[in-house]
Amino acid sequence: MEFKLLRLNLTEWKAREEKIPESLLRKYIGGRGLGAYLALKEIPPGIDPFSPENKIYILTGPVVGTGAFETGRYHVVGKSPLTGILGDANSGGQFGPWLRFAGYDGIVVEGASDEPVWVSIVDGEVQFHLAKHLWGKGVVYTENIIRKEMNTPSEHIGSILSIGPAGENLSKIAAIMNDKYRAAGRTGLAAVLGAKKLKAIFVKGSRKIEIVDKEKFKEESKKIIDKITKHSISEALSKFGTAVLVNIINSHGGLPTKNWTRGTFEKAFEISGEYLAEKYLISNKGCWGCVIRCSRVAKVDSGPYRTPVSEGPEYESIWAMGANTTIGNMEALIKLNYLANDLGFDTISLGNTVAVLMELYEKAKNGSLPEEKAKELEELLGDIEPSWGNADAFAQLVWRMAYRHGIGDYAAEGAKRLAEYFGSPDSAIHVRGLELPAYDPRAINSMALSYATSNRGGCHLRAYAVSFDVLGVPDKFDPLVVDNKKVELVKYQQDYFSVIDSLVICKFNSFATDHTDYVGVLNAVTGWDMTADELLTAGERIYNLERLFAVREGHGYKDTLPKRLLEEPLPDGPAKGRTAKEALEKYLPYYYEIRGWEDGKPKPETLKRLGLEEFLYIL
Amino acid sequence: MPKVKVAFIQEFYQLAGKHQIEIELPGDEATVRDVLEKIPEAVRERLFDEKGEIRYPAEVAVNGRRIDFLDGLDTKVKDGDLILVSPRALFVI
Ligand code: SF4
């Protein structure tokens, strides 16, 4: 199998091609796994994430663009300015497949340009363009201009990845955007592209994706599609989108509300998928080649929250900007989502950060912030009043954060730094600096382990323990009962999802399937003879490799949760009176035992078992 | 009279035509089964199989705990409880 990387040297505006040896792919597959390996080899320890020495890996995987099932995604890896350890993010839309059609399986962005630049890649031909006229512009406008310049008006042909003003101005919670509304959101990697002054990449081409054994490929992918469609219930995702979770998680008392001080939101229904579908939905939309089509296309016709036809909002965005700030108005959330996308923010981190600001504002008013900090906050806020549930203040804040005006300059640094600066560090709900997503581990206890041990920080996509604690997949568990079988499932999902992110396919597949389903497709595409066990071991190898990056940096490998979740019991809902402490304390020792880790670090024998001897020096 | 709330998710919401309804309990000793007797017929048809058991893949939860981990349809309910009727929401992150 051939895997072609394009190295873009932005310092010199030069491009060069490189082939990845097959032996490396067999070990790390592609996408997230390959990115982690290259990053650990190539990014020097201890560097400033904004220095030209940092690199951004934009990678597809062996099955991307083959058209089998949800294979329209790509993965981004680099050193995160938000967490200071390895960061990565995944996005759908069309960019992944079109990058491959354009002639490359991945791009490595290196060095830094003096002037804003954008790059076009068309059928293997790379061109650097000045981007002065695009700098400072929103994502939608940027894409429109580039499409004009490339004479490619149809949004079905070619694809664009870009950063918004948030990334340009080095906001640590900026998202890499593609196809206007799709985000590789987490860990602030857009700010690294901002530091390199790379505004956008356009890809287009007609290269055919090689499939070694076409017959077997058809057979194997049909098996997966059958499984997905059989397992799928009532087309929930296409009908209601991800936001169908709002009512479910709320009824379990795990919908974090008012900056994680409550577990239920009284206006949950008004921000749910059911409500969105009934009032504002125009159609649904899918990533390239996807049959599920979970994405929402919505619009608000008139009024203060008028929003043009656009994609979103998803469950996570609705929660972060809605329940967590107590904004219970769907129109406002559609608008905020649009703004966040256009300016290029990670909506999960954004919602958490604004919730912190609302809490700080409340504390300043009731005298529980240090006096001089309260005064400074007052001055920086100027004409903004970030009281709970104030959607208009939120909208103004997004702009100020993107361009770093007044309080926006501080909030653009993310929840942790904002809370620390104003003397209230425990107001920020994060793991390793990355703001947590929409599930309270006090009510869904496997998420305590899942968050604490997530390599990229507070994240629901390393192990989606909600699937068994709430949704009953693959087996039902009681979310409030501590059970070591759940530890095994968390570890399994972490390894299995590493495989999914490295093949680079959509995780929505993953509930109906397991790793044994994918090895056949991978072998058909590549001509390999990998076993299902070997594939899962590759996932485990990747998980350990990512952890090694943190160990090498000397921080970010301690597995714990924010103080609020460990010490403050939930005051409401089914999990009333509970913290996440007991679950985490009981789960961690068994987790380390089955991982072969000690205190958050892999043991030497674990690295040897996984064929990671070359990294033993890090321990 | 004690009352409970019943919330409907996804297709059950469409069948019920409402997100939430309030139901008066027949007495202090009421069970989930008693409550579900009073929900809209269209929902009942989809929710129960011929034997009167919850049909796979639906889920019923009382205050966020699935009745499988409580006493099934015989789980006791009390004033103010929230009963959730939902399909298993797959493919959702
Ligand atoms: S299920 Fe949704 S996110 Fe996944 S590939 Fe399909 S449209 Fe994209």
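In this predicted model, the contact between helices H20(A) and H24(A) is formed by Asn484(A), Lys486(A), Val487(A), Glu488(A), Lys491(A), Gln494(A) and Asp495(A) on the side of H20(A), which meet Lys586(A), Tyr587(A), Tyr590(A), Tyr591(A), Ile594(A) and Arg595(A) of H24(A). By class, five nonpolar, two polar and six charged residues make up this contact. The axes of H20(A) and H24(A), the latter covering residues 581–595, lie 9 Å apart and enclose an angle of about 50°, so that H20(A) is oblique to H24(A). The crossing of these two helices is right-handed.

Helix H20 of chain A, which comprises residues 484–503, also packs on helix H22 (residues 532–553) of chain A, at an angle of about 95° and with the axes 8 Å apart. Because angles of 65 to 115 degrees count as roughly perpendicular, H20(A) and H22(A) are described as roughly perpendicular to each other. In this contact Lys491(A), Tyr492(A), Gln494(A), Asp495(A), Tyr496(A), Ser498(A), Val499(A) and Ser502(A) of H20(A) meet Leu535(A), Leu536(A), Gly539(A), Glu540(A), Ile542(A) and Tyr543(A) of H22(A). The residues involved are seven nonpolar, four polar and three charged. Lys491(A), Gln494(A) and Asp495(A) take part in the contact with H22(A) and also in that with H24(A).

Elsewhere in chain A, several loop residues have notable backbone geometry. Most residues other than glycine have a negative phi, and most peptide bonds are trans. Asn151(A), however, has a positive phi of about 55° and is placed in the loop between helix H4 (139–149) and strand E9 (159–162). Lys180(A) likewise has a positive phi, near 70°, and lies in the loop between strands E10 (176–178) and E11 (182–184). With a relative accessible area of 65%, Asn151(A) is exposed, whereas Lys180(A), at 10%, is buried. The peptide bond from Gly312(A) to Pro313(A) is cis, with omega near -5°, and Pro313(A) is located in the loop between strand E15 (307–311) and helix H11 (315–321).

Chain B contains three helices and five strands, arranged from the N terminus in the order β-α-β-α-α-β-β-β. Its radius of gyration of 12 Å agrees with the value near 12 Å that a compact globule of 93 residues would have, and the C-alpha trace spans about 40 × 30 × 25 Å along the principal axes. Of the 93 residues in chain B, 52% are buried. Among contacts in chain B between residues at least 6 apart in sequence, 54% join residues at least 24 apart.

Technical notes: Residues are numbered from 1 along each chain as its sequence is written. Chains are lettered from A and ligands numbered from 1 in the order in which they are written. This is a predicted model: local features need pLDDT of at least 70, side-chain atom pairs count only at pLDDT 80 or more; totals for chains, interfaces and linings use all residues. Side-chain values use heavy atoms; hydrogens and water are left out. Axes are lines fitted to C-alpha atoms, for helices over the stretch in contact, and angles run from 0 to 180 degrees between N-to-C directions. Helices (H or I, at least four residues) and strands (E, at least two) are DSSP runs, numbered from the N terminus. Angles under 35 degrees count as roughly parallel, over 145 as roughly antiparallel, 65 to 115 as roughly perpendicular and the rest as oblique. Contact means heavy atoms within 4.5 Å. Ala, Val, Leu, Ile, Met, Phe, Trp, Tyr, Cys and Pro count as nonpolar, Asp, Glu, Lys and Arg as charged, and the others, Gly among them, as polar. A crossing is left-handed if the near helix is turned anticlockwise from the far one by less than a right angle, and right-handed if clockwise. The radius of gyration is taken over C-alpha atoms; the globule rule is 2.2 Å times the number of residues to the power 0.38. Buried means under 20% relative accessible area, exposed over 50%, partly exposed in between (1.4 Å probe, protein chains only).
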